[in-house]
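The following exercises are to be worked with the sequence and the structure in view. Each task is followed by a solution that proceeds step by step.

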Amino acid sequence: MRLRTKIQLALLDNLVWVLLAVFFIANAFFTPAFLGMKNQLNILYQSATLGLLVLGMGIVMMVGELDLSMEATLAFAPGVTILVAQQLNLGPAVCIFMTLALGVAVGFFNGFFVAKMKTNSFLLTMSSQIVMRGLVLFLVPFSLAGLDKGYTFLGRGRIGSLQIAILALIVIYIIFEFVFHKTVFGRKFALTGGNRRAAYISGINTDRVIICAFVLAGLLSAVAGLVTAGRQNAVSNSMGEGMVMMAFAGAILGGCSFNGGMGKPVGMLGGTLLLGMIDNALNLNGVDVNLVSATKGGLIFLAIILDRLRFKMSADIMHKENMRKLVQSNS
């Protein structure tokens, strides 16, 4: 393969980092206080919750499915946990474990019905989202404040001037990048999403992989719930509202595809940071909140267009490369 072709494919695979660099440089010149260390740490801190949802959504998209229930799981897992904890006087360690277990349970429920019952993931997770959001609104009509410091540590804790949530986000992405890039277990996700039938014939238990993808998404949603509850030192029924679409946009911008079989955690991190920087820049420039909402809608549209363009351009590049090799072999 020619060096030119390799560079073109590499740029397409890492397009989000190109966009991120361009946006960062532009704001360094035109947005006041953007370059300050405090503001950069604030971007990372504010992006922690979204980053976890983007990673969870990206993993599910890698196997060719969607999970719309993540934002509701973010509120449902901490909400039910704190209500039970208040009745049974549970300690923070038990509460953290219970929150994560609820996230895993929701993910397993979604994954089981998608993998074993062959239900449509979009419709199934949409119904899960509606049910959980309704339960949270019923069970938590008012915010549950005054949480234990141990339970809020992930969202409020600091090491010097660095928030624990930032460290947790970075560590989680490093772990998942290693798993999906270096292990057989991780590579099964992309293989399942790329061609499920071929993966099954080759010996991969595709149902198990799909269930694992949803379980990981549920787990990451619960962790995002811990971060959010910690940040606001309370659990409210509005936690996570509207974030699933931004998680979807971040995953697409980060290299995932509707077609499945594509995506890397490092790219998803880039998508998260790009969305976080855009939101931060709009706020620093005093853009009206309604225009911020409109901009986010535009970003979702951009993500959809980029998905189609990236797929088409990659196919065209490979077609030209294969034709060039064919001509050379016949000459």
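A residue is called buried when its relative accessible area is under 20%, exposed when that area is over 50%, and partly exposed in between. The model is a predicted one.

**Exercise 1.** Determine whether Glu65 is buried or exposed, and identify the residue with which Glu65 forms a salt bridge.

Solution.
Step 1. The relative accessibility of Glu65 is 12%, so Glu65 counts as buried.
Step 2. The partner of Glu65 in the salt bridge is Arg196, and the closest N and O atoms are 3.0 Å apart.
Step 3. Glu65 belongs to the loop between α3 and α4, whereas Arg196 belongs to helix α10; the pair therefore ties together parts that are 131 residues apart in sequence.
Step 4. Arg196 has a relative accessible area of 32%, so Arg196 is partly exposed.

**Exercise 2.** State how many salt bridges a search of the whole structure finds, and examine the pairs formed by Arg133 and by Lys118.

Solution.
Step 1. The search of the whole structure yields five salt bridges.
Step 2. In one pair, Arg133 meets Glu71, with the closest N and O atoms 3.9 Å apart. Since Arg133 lies in helix α6 and Glu71 in helix α4, this pair ties together parts that are 62 residues apart in sequence.
Step 3. Arg133 is buried at 8% relative accessibility, and Glu71 is buried with a relative accessible area of 7%.
Step 4. In another pair, the side chains of Lys118 and Asp207 meet at 3.3 Å, N to O. Because Lys118 is in the loop between α5 and α6 and Asp207 is in helix α11, the pair ties together parts that are 89 residues apart in sequence.
Step 5. Lys118 is exposed at 58% relative accessibility, while Asp207 is buried at 17%.
Step 6. Lys116 joins Lys118 and Asp207 in a network of salt bridges.

**Exercise 3.** Explain why the buried residues of α9 line one face of the helix, and name elements that cover these residues.

Solution.
Step 1. Helix α9 spans residues 184-194, and its buried residues are Gly186, Phe189, Thr192 and Gly193.
Step 2. Viewed down the axis of α9, the buried residues fall within an arc of 120°, so they line one face of the helix.
Step 3. The general rule is that an α-helix has 3.6 residues a turn, so residues three or four places apart point the same way.
Step 4. On the face of α9 turned away from the buried side are the exposed residues Val184 and Gly194.
Step 5. The cover over the buried residues of α9 includes α3, α8, α10 and α11.

**Exercise 4.** Find which residues touch the most other members of the largest nonpolar core, and list the contacts of Leu55.

Solution.
Step 1. The largest nonpolar core has 88 residues; those touching the most other members are Leu52, Leu55, Met57, Ile59, Met61, Phe176 and Phe189.
Step 2. When residues up to four places away in sequence are not counted, Leu55 touches Ile172, Tyr173, Phe176, Leu220, Pro265 and Met268.

**Exercise 5.** Identify the residues that make the nonpolar surface patch of about 460 Å², and state which element gives the largest share.

Solution.
Step 1. The patch is made by Leu3, Ile7, Leu11, Val18 and Val22.
Step 2. Two elements, α1 and α2, give two or more residues to the patch.
Step 3. The largest share, three residues, comes from α1.
Step 4. Leu11 lies in helix α1 and, at 47% relative accessibility, is partly exposed.

Note on methods: Residues numbered from 1 in each chain as written. Predicted model: local features only at pLDDT ≥ 70, side-chain atom pairs only at ≥ 80, totals over all residues. Heavy atoms only, no water. Buried < 20%, exposed > 50% of the residue type's maximum accessible area, 1.4 Å probe, protein only. Helix = DSSP H or I, 4+ residues; strand = E, 2+ residues; numbered from the N terminus. Arc of directions from axis to C-beta. Contact = heavy atoms within 4.5 Å. Patch = residues over 30% accessible without salt bridge, like charges linked within 9 Å, V, L, I, M, F, W, Y side chains within 5 Å. Areas by Shrake-Rupley, 256 points an atom, 1.4 Å probe, with all protein chains shown as cover. Salt bridge = Lys/Arg side-chain N within 4 Å of Asp/Glu carboxyl O. Core = buried A, V, L, I, M, F, W, Y, C linked by side-chain atoms within 4.5 Å.
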